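Here are three short exercises to work through with the model open beside you. Try each task before you read its solution.

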Amino acid sequence: MSFSEKCYAVLRKVPRGKVTTYGEIARAVGVLGGARAVGNAMNKNPYAPEVPCHRVICSDGKIGGFATGSAKKVKMLEKENVEVRNWKVDLEKHKFILRR
DNA sequence: CATATGACACTAT
DNA sequence: AATAGTGCCATAT
């Protein structure tokens, strides 16, 4: 199973209304400092929307990127009741803790 | 095998 | 608090 496949597997566990970060996912799959690599995987994500890649944001709460435009990402999150203010999300409120 | 790339993260200003 | 550097890792060339 490739690195990206593992990322999709973990991300699959993130529930609606919650989010996680690139770095967290990297950690979850056992690759510290692999946040950037996770971004690459998300960028390709062949399992959308089965795999909620829009629930992955930056460690500082900023939205981060999205293949079809960050604006779309924000909309989707808001539809799931995730509050986004000035391109930022309150991690304390919406961050989903991944098992390590 | 060597380099370049990108949806990041951390530290020091 | 906001910004600039620098490091990082899987993939693609």
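**Exercise 1.** In this predicted model, find which side chain makes a polar contact with the side chain of Glu80, and decide whether Glu80 is buried or exposed.

*Solution.* Start with the partner: the side chains of Glu80 and His54 form a polar contact at 3.0 Å. Next, place the residue in the chain: Glu80 sits in the loop between α4 (70–79) and β3 (84–85). Then look at its surroundings: beyond its neighbours within four places in sequence, Glu80 is in contact with Arg16, Gly17, His54 and Arg55. Finally, the relative accessible area of Glu80 is 10%; buried means under 20%, so Glu80 is buried.

**Exercise 2.** Work out how helix α1 is oriented against helix α3.

*Solution.* Take the geometry of the pair: α1 (residues 3–11) and α3 (residues 35–44) pack at about 80 degrees, and their axes are 9 Å apart. Angles of 65 to 115 degrees count as roughly perpendicular, so α1 is roughly perpendicular to α3. Now list the contact: α1 brings Phe3, Ser4, Cys7, Tyr8 and Leu11, while α3 brings Ala37, Val38, Ala41, Met42 and Lys44. Sorting these residues gives eight nonpolar, one polar and one charged.

**Exercise 3.** Identify which helix gives the most to the surface near DNA strand B, and find atom pairs there.

*Solution.* The helix is α3, with seven residues. For the bases, a polar backbone atom of Met42 is 2.6 Å from a base nitrogen of strand B, and an N or O atom in the side chain of Asn43 is 3.2 Å from a base nitrogen. For the phosphates, a polar backbone atom of Gly23 is 3.1 Å from a phosphate oxygen of strand B.

Methods
Residues are numbered from 1 along each chain as its sequence is written. Chains are lettered from A and ligands numbered from 1 in the order in which they are written. This is a predicted model: local features need pLDDT of at least 70, side-chain atom pairs count only at pLDDT 80 or more; totals for chains, interfaces and linings use all residues. Side-chain values use heavy atoms; hydrogens and water are left out. Helices (H or I, at least four residues) and strands (E, at least two) are DSSP runs, numbered from the N terminus. Buried means under 20% relative accessible area, exposed over 50%, partly exposed in between (1.4 Å probe, protein chains only). A polar contact is a pair of N or O atoms within 3.5 Å; within protein, one must be able to donate a hydrogen and the other to accept it, and residues adjacent in sequence count only if both atoms are side-chain atoms. Contact means heavy atoms within 4.5 Å. Axes are lines fitted to C-alpha atoms, for helices over the stretch in contact, and angles run from 0 to 180 degrees between N-to-C directions. Angles under 35 degrees count as roughly parallel, over 145 as roughly antiparallel, 65 to 115 as roughly perpendicular and the rest as oblique. Ala, Val, Leu, Ile, Met, Phe, Trp, Tyr, Cys and Pro count as nonpolar, Asp, Glu, Lys and Arg as charged, and the others, Gly among them, as polar.
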